[in-house]
Amino acid sequence: LYTGEVRRIETRAICHQLEAGNLVVIPPLGYSPTGEVFNLSAADVAAAVAASVNADKLIMLTEDKSLKRSGRIIGNLTPAQVDSMLVRRKSLTPEQRLMLDKAATACRKGVRRVHLVSRQIEGALLKELFTRDGVGTLVSAEPFDQIRQARVDDVGGILALIEPLEESGILVRRSREILETEISHFTVIERDGTVIACAALYPYGKDAMAELACVAVHPDYQGKGFGDTLLQRLEEKAANTGIGQLFVLTTQSSQWFQERGFRKGDVHSLPMAKRGLYNYRRNSRVLVKQLD
């Protein structure tokens, strides 16, 4: 009877108060042109207001526990992924469905990030805003994790990833100057402005082979599939340029590569140009993978 939906936001009035340095508290009540008062969904009001004032961020505190998949909190969703979840996941509570729907709607209307945070977690708001991974689910117009071609300004982030592995002898040492020269060979995964994984691809076109090198994932993100994501992207990139085989030289990570289809080879499996550079003192294992 007296439950309504948001039709219009007094955006100018809200912005005027914000520009004056005031906090604006908006109750879930709406008024019709004839003066009737309607009860509104707080989530609907929040999403509509955030979109109308071009908010960068909308935070929704929920009564339910955090959204999880296979026991892990779902860290990031796009609006399209939310749509799919609403259709396929029958176990969602009514509040979760409402919050997800409004979060996706707000994103489509220009709000860059919507955070769904369970109020049952101690310090949830601080943890969500001031840690890289947070404790809630982020709905964003673009994926939180971005895999892309590396740029020169990524060199510092790549060095931070690989230096501990160089110290332990897992990776061959690369100077900043070498990285800057070879940056076009690198692909990185960026999370919230930080490089959390990298790998390089060096083609040997005459032999239709390419070397996969400098594969590194930040310790906080190991075991979460980022290495597989990089490998898949570089395999696709190599195959699209006519490369038929990938090879790696590794001293300590051979098992990881073998579990992903690489097979043992030897120095004679390498392209001729690479054989002359093989370091017999380092005695790296040669692993080769045939691309489909």
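Q: What makes strand β7 (residues 113–118) a mostly covered strand?
A: In this predicted model, 5 of the 6 residues of β7 are buried, and since a residue is called buried when its relative accessible area is under 20%, strand β7 can be described as mostly covered.

Q: How do you know which strands pair with β7, and in what sense?
A: Two strands count as paired if at least two bridges are found between them. β3 is joined to β7 by 6 bridges, and these two strands run parallel, while β7 and β8 are joined by 4 bridges in the antiparallel sense, so both pairs satisfy the rule of at least two bridges. As single examples, Leu61 has Val117 of β7 as its bridge partner, and Val114 has Val139 of β8.

Q: Which residues make the nonpolar surface patch, and which elements supply them?
A: The patch of about 560 Å² is made by Ile59, Leu61, Leu125, Leu126, Leu129 and Phe130. At least two of its residues come from each of β3 (57–62) and α5 (124–130), and α5 gives the most, with 4 residues.

Q: Why is Leu125 called buried, partly exposed or exposed?
A: Leu125 has its place in helix α5, and its relative accessible area is 40%. Because buried means under 20% and exposed means over 50%, with partly exposed in between, the value of 40% makes Leu125 partly exposed. A residue of a patch must also have over 30% relative accessible area, and Leu125, at 40%, meets that condition.

Q: Why does the span of α4 agree, or disagree, with what is expected of its 15 residues?
A: The expected span is 1.5 Å times one less than the number of residues, which for the 15 residues of α4 comes to 21 Å. The end C-alpha atoms of α4 are 21 Å apart, so the two values agree.

Q: Which residues of α4 are buried, and what covers them?
A: The buried residues are Gln96, Met99, Leu100, Lys102, Ala103, Ala104, Ala106 and Cys107, and what covers the buried residues of α4 includes α2, β3, β6 (76–77), α3 (79–88), β7 and β8. After α4 comes Gly110, which has a positive phi, near 115 degrees.

Q: Why is the contact between the side chains of Asp44 and Lys102 called a salt bridge?
A: The limit between a side-chain nitrogen of Lys or Arg and a carboxyl oxygen of Asp or Glu is 4 Å, and the distance from N to O in the pair Asp44 and Lys102 is 3.5 Å, so the pair counts as a salt bridge. This pair links distant parts of the chain, with Asp44 in helix α2 (residues 42–52) and Lys102 in helix α4 (residues 94–108), 58 residues apart. Asp44 has a relative accessible area of 17%, and Lys102 has a relative accessible area of 17%; with the limit for buried set at under 20%, Asp44 is buried and Lys102 is buried. By this rule the model has 14 salt bridges.

Q: What makes the pair of Arg191 and Asp133 a salt bridge?
A: Their side chains meet at 2.6 Å, N to O, which is within the 4 Å of the rule. Arg191 lies in strand β10 (residues 186–191) and Asp133 in the loop between α5 and β8 (137–140), so the pair ties together parts that are 58 residues apart in sequence. Arg191, at 13% relative accessibility, counts as buried, whereas Asp133, at 34%, counts as partly exposed.

Q: How do you know that the edge strands of the sheet β9-β10-β11-β12-β13-β15-β14 are edges?
A: The 7 strands form an open sheet in that order, with mixed pairing, and β9 (145–149) and β14 each pair on one side only, which makes them the edge strands. Within this sheet, strand β13 (residues 245–250) and strand β15 (residues 285–290) pair in the antiparallel sense over 6 bridges, and Val248 stands opposite Leu287 in β15.

Q: Why is Glu235 called buried or exposed?
A: Glu235 lies in helix α8, and its relative accessibility of 16% falls under the 20% limit, so Glu235 counts as buried. Leaving aside residues up to four places away in sequence, Glu235 touches Leu246, Lys289 and Leu291.

Terms used: Residues are numbered from 1 along each chain as its sequence is written. This is a predicted model: local features need pLDDT of at least 70, side-chain atom pairs count only at pLDDT 80 or more; totals for chains, interfaces and linings use all residues. Side-chain values use heavy atoms; hydrogens and water are left out. Patches are made of residues with over 30% relative accessible area and no salt bridge: like charges are joined within 9 Å, nonpolar side chains (Val, Leu, Ile, Met, Phe, Trp, Tyr) within 5 Å. Accessible areas come from the Shrake-Rupley method with a 1.4 Å probe; for residues, only the protein chains shown count as cover. Buried means under 20% relative accessible area, exposed over 50%, partly exposed in between (1.4 Å probe, protein chains only). Contact means heavy atoms within 4.5 Å.
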